[in-house]
Amino acid sequence: MGYSSDYLEQLAITNDWYKYLSNDTDLRKLNIEEKDDFENYLFDIPIKKKKPDLGEGLVYGHELEMYLNEITYPSNKYDNFDQFPIKYRAIAVDLINAEKYVFKEGPLSVALRSSMSLPTILIPKKYKGKLLVDGGVVDNFGVDVALENGADIIIGSNVGRMNMKENELTSMHKLFWLITMFGSKQNYDIYKDSVDVLIEPPVLDLGTRFDKAREIMDIGYETAQQHKGELLEIKKKLEKFPSKHSQKMIFNKNMVFPIKEIEINGIKNREYKNSVRKYLIKKLGKRVSHSMIKNEIDELYGSGEFAYITYYLDKYDDANYKLVLQCKQLPLNTLLVGVHYSDQVDFGLIAGMTSRNYILPKSKFKFKARISKFPAIDQTFTKYFLDQFKIGIRQSFKYTNDNIFIYNDQRKLTSYRRNFVVPGISFLALQSNYFEFELGYNYYYSKYNDDFSYTFEDIRKANLQKHNVFIAYYLNGLDDNHFATTGNLFKVKMNFNFFPKLTTEVEEQELSETFPNYFSMCFRWENYFQLVEDWVWENGVCGHYTGTDRLPFIFKDRTVGGMFPDNDFQSSFWGLPDNYLITANKFVAKSGLRYKMQENIYLKLLFNMAVTDSWKVYYGTGLSASFVTPLGPLSAGIAVSPEYKLPVFHLRFGLFR
């Protein structure tokens, strides 16, 4: 391609290959409605024809294909691979015809993607009626292809051993490698003696350890040093023939190509396909660059309706190109399964489902439940009226059951169980992947059980009812749901509360009282900034304001305390137990540093302060450790505060948002 070896080395070391070879994506690409549920579940199981649809592989490769398109985009100016600075061939296998397929022309990104589609891991690549997978299944040592194309000198590199003894088969990775490479072994045995130099670095044990890229390259360098004499002899021979190729990077990633036609594959609904085509024609114009195409694909992918969207350029005529979009829409229904544990709700199972365009066109139904000692339900149904800048209506229902302890200094006096039931309806506008406006109505019904005797004499039961009209603005520009490295999160909600009514039971008599209407407002802001590699500085503030002081204790439904909040009414405060402070007004600020020790392991040191109704100021600090598992993030921490004096320990596993 014309990239220098130093540049390729940097690509190997600095890129996040775990993201490219997974279904992970940058959170900023997703529609704001999709962000809260992204990567929160153990399994997202697509349902097709009432049965689980396990698909053609574990990884769809959306991010990988977009990256390959980026680094190879300028190669579209060549008619075939012989015109490259260095001739190139890629080997794949066509599953439909059961034969080897050698790429000599066409989109380079497609050739690369096809030749690395390891069966059952990365889904096969569809291209012009073919279903292509990694050519290593039949030919992982393409000496025959090099000879067919006139190679005079061949340097062979074999990074996977074809023969192993019984005591060496110590891992599933090695077994899978041997099974996959059965077809290649015969080809290797035939042609290994046809190469001028054979280099076989012992890197199979490292497998796909992309965090070991430097170590793998060092092993390759040391192995090549063992053949230094042979390589120097080849160099002397080549010096007699002047090179015809430049060694400089020759590609301009911002170059544009003229587009004559747009073809879209993988969208079944004809009306939707035509609307997407018209949208792309309007947005892209007649000359396109990779960044232009990527921006529009990100908009479509962010809707959450697609497993992947990618593209390639195909020749239309001598002067123009055809833009081909390849899409895979997710099934209408998806089952959600996860687990959850926290200090407040104990262990629970999370189960739910998502249905898209099933009840009505351009709609989404979502239901999820926490099955535990303290259950919870979250259900929404959203109907959109526009494809791109979405205007819609949303129906919602929330139920939360939690346990609130009441403290006096460091002593637990009592506890009460709080049940929230909140049905609602709202109008919303999603103007981009980053922010959303919402205007709505909620009916709040809160039921409180157990003993309130320390505050209300002989009150055993109480319930609160109110009507709420709200205006809300949400912004989410974070790059990750759990461990963001950059971006901002901002939420503000203004509430107009009408007809608040409190009903209590005193000595088996029911008493009711209606209070004046009141205004309240809550907000939350978080910022993440990457200082240097592996170090992130995070800051944040949150608060709640109630525009009256004439409400009784039970209206103080906002709490402060704990590391890992389980509901929207609780604000985290490191150094105090969960829900230690019960208040109607609060302001909490935090600042901390997070360090990535290694892949999926994080340490965080944080300082925070809080101000509540009585204008008393609280301070606290703590240290947490988190490990990202397939079941969700596992986090544990310890924190202290002068106001509580005793250290507080916290543990959380999984999430229920």
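Here is a walk through two sheets and the helices that go with one of them. Keep in mind that the model is a predicted one.

Let's start with an open sheet of four strands. Going across, you meet the strands in the order β5-β4-β8-β7, and the pairing is antiparallel. Have a look at the two ends of that row: β5 (99-103) and β7 (125-127) each have a single partner strand, so one side of each is left without a neighbour in the sheet. The sheet isn't flat either, since the twist averages 45 degrees from one strand to the next. To see one pairing up close, find β4, which covers residues 90-94. Five bridges link β4 with β5 in the antiparallel sense. One residue to look for here is A90, whose bridge partner in β5 is F103.

Now move along to another open sheet, again built from four strands, with the order β12-β11-β14-β13. This time the pairing is mixed. The edges belong to β12 (287-288) and β13 (306-315); each pairs with a single strand, so one side of each has no neighbour in the sheet. Further in, β11 (residues 257-265) and β14 (residues 321-329) run parallel and are joined by six bridges. Along this stretch, you can spot E263 standing opposite V324 in β14.

Which helix packs on this sheet and touches β11, β12, β13 and β14? That's α11, residues 270-284, and its direction makes about 165 degrees with that of β11. Then there's α12 (residues 290-301), lying across β12, β13 and β14. If you follow α12 along, you'll find that it runs at about 155 degrees to β13.

How values were computed. Residues numbered from 1 in each chain as written. Predicted model: local features only at pLDDT ≥ 70, side-chain atom pairs only at ≥ 80, totals over all residues. Heavy atoms only, no water. Pairing = 2+ DSSP bridges. Axes fitted to C-alpha atoms, helices over the stretch in contact; angles between N-to-C directions. Contact = heavy atoms within 4.5 Å.
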